Amino acid sequence: MFSKVHEVAKQLNQVIIGKERQIQQALVCLLGGGHLLIEDVPGVGKTTLAHALAISLGLQFNRLQFTSDLLPTDVIGVSIFEREKSQFVFHPGPIFTQVLLADEINRATPKTQSALLEAMEEQQVSAEGQTRQLPQPFFVIATQNPTHQVGTFALPESQLDRFLMCVSLGYPDAAAERALLLGEDRRTLLKSLKAIMHAEELQATQTEIRRIHASSSLIDYIQKLAQSTREAGIFAEGMSPRAAIALLQASRAWAAIEGRDHVLPEDVQAVLIPVIAHRLRPLKAVSNKTHASADLLTQLMLKIAV
């Protein structure tokens, strides 16, 4: 089962060159059953990675470009009166899929962003007095431009908390960039990708990941990490219990991909920044740098005995 996961990673590495760790983080997120936020400047491969993930995992895929004039009904769907039936008929929006690529999610207004909250948390959509279940498995892969860019709306804490992980691709190194310049167009490569896994296999893998053993001392370590963020006096709010559960969930998935049936502190450390940093807001008195949360979280982690 996990051999197929490694096949997926190998295929993704042929499309997104030189980003092996970020690809493993993205796979950990989806195998852990969470939603993925990819944050970076335009043009570094965020959308390509999201599309390649959906194809490789054999999932139904819809892409929605978020803009400032996008409405909640453009995401969820709307009822239209059909004269032949003499009644209103609900027409599902693009959210009714297994993988929704919310491209440049922070270019939409908060009202439209909030249309995703129920779907991401409860795997369902309530519209016009009815609740409709979403296809399973259901993932949101969102891309986000840096908040200092023109025309962006910062995601609220409630929205950020629903993303299991936030990863940043960054610029490629010289060798990877040269390979991109000399190689095929990435969009052409997407057409040649094949589905290595299918929805049923993915769900079975997720079930196996939940069985990865976490010892009592490992749980103690996660609790110490959570408590340190609450007591350090450097964040506006510390880690919530949901954040701690997310950290354990991602740690199990990382351990599984590494070939272990139990979680080590190293697994927790490997996923700590992508799982937790986007959920914490540093106090302005401490730092106002863009990546301050990750830096401060790393400093706290180094102070906690394993």
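Is C29 buried or exposed, and what is its relative accessible area? In this predicted model, C29 is buried, with a relative accessible area of 0%. A second cysteine, C166, also counts as buried, at 15% relative accessibility. Both values fall under the 20% cut-off for a buried residue.

The pairing of these cysteines was examined next. A disulfide is a covalent bond between the sulfur atoms of two cysteines. The cysteine sulfur closest to that of C29 belongs to C166, at 9.9 Å, and this is too far for a bond. The search for closest partners gives the matching result from the other side: for C166, the closest cysteine sulfur is in C29, again at 9.9 Å and too far for a bond. A disulfide needs its two sulfur atoms within 2.5 Å, so the 9.9 Å between C29 and C166 rules one out. Over the whole structure, the search finds zero disulfides.

Helix α2 spans residues 20-31 and contains Q22. With a relative accessibility of 17%, Q22 counts as buried. Beyond its sequence neighbours up to four places away, Q22 touches S168 and L169. One link is specific: the side chain of Q22 reaches the backbone oxygen of L169 at 3.3 Å.

Helix α3 covers residues 46-56. Eight of its 11 residues are buried, so the rest of the structure largely encloses this helix. The buried residues of α3 are K46, T48, L49, A50, A52, L53, A54 and S56. In general, an α-helix has 3.6 residues a turn, so residues three or four places apart point the same way. After α3 comes G58, with a positive phi near 70°.

Attention then turned to two strands. G77 lies in strand β3, which runs over residues 77-82. G77 counts as buried, at 8% relative accessibility. Setting aside neighbours within four places in sequence, the contacts of G77 are F90, H91, P92 and G93. G77 and F96 are 19 residues apart along the chain, and their C-alpha atoms are separated by 8.9 Å.

D103 belongs to strand β5. At 4% relative accessibility, D103 counts as buried. Apart from residues up to four places away in sequence, D103 touches T47, R63, L64, Q65, F66 and T143.

Several backbone features lie in loops. E104 is in the loop between β5 (99-103) and α5 (110-113). The phi of E104 is positive, near 55°, although E104 is not a glycine. Q123 sits in the loop between α6 and β6 (124-127). Its phi is near 60°, again a positive value in a residue other than glycine. A further loop, between β7 (130-133) and β8 (139-144), holds P137. Here the peptide bond joining Q136 and P137 is cis, with omega at about -10°.

Helix α13 (residues 265-276) includes I276. I276 is buried, with a relative accessible area of 0%. When neighbours within four places in sequence are left aside, I276 is in contact with M239, A243, L247 and L297. I276 and L202 are 74 residues apart in sequence, and their C-alpha atoms are 24 Å apart in space.

The pockets of the model were also examined. The second largest pocket has a volume of about 460 Å³. Its lining is made up of 23 residues, and the closest to the pocket centre are G33, G34, H35, M120 and Q249. Four elements each supply at least two lining residues: α6 (117-122), β9 (163-167), α10 (199-209) and α12 (241-257). Of the contributions to this lining, that of α12 is the most, with four residues. By class, the lining holds eight nonpolar, nine polar and six charged residues.

Conventions:
Residues numbered from 1 in each chain as written. Predicted model: local features only at pLDDT ≥ 70, side-chain atom pairs only at ≥ 80, totals over all residues. Heavy atoms only, no water. 1 Å grid on protein atoms, 1.4 Å probe; cavity = no way out; pocket = protein on both sides within 12 Å on 5 of 7 lines; lining within 4 Å. Points joined across faces, edges and corners; volume = space filled by probe spheres on them. Nonpolar A, V, L, I, M, F, W, Y, C, P; charged D, E, K, R; others polar. Buried < 20%, exposed > 50% of the residue type's maximum accessible area, 1.4 Å probe, protein only. Polar contact = N/O pair within 3.5 Å; in protein donor to acceptor, adjacent residues only side chain to side chain. Contact = heavy atoms within 4.5 Å.
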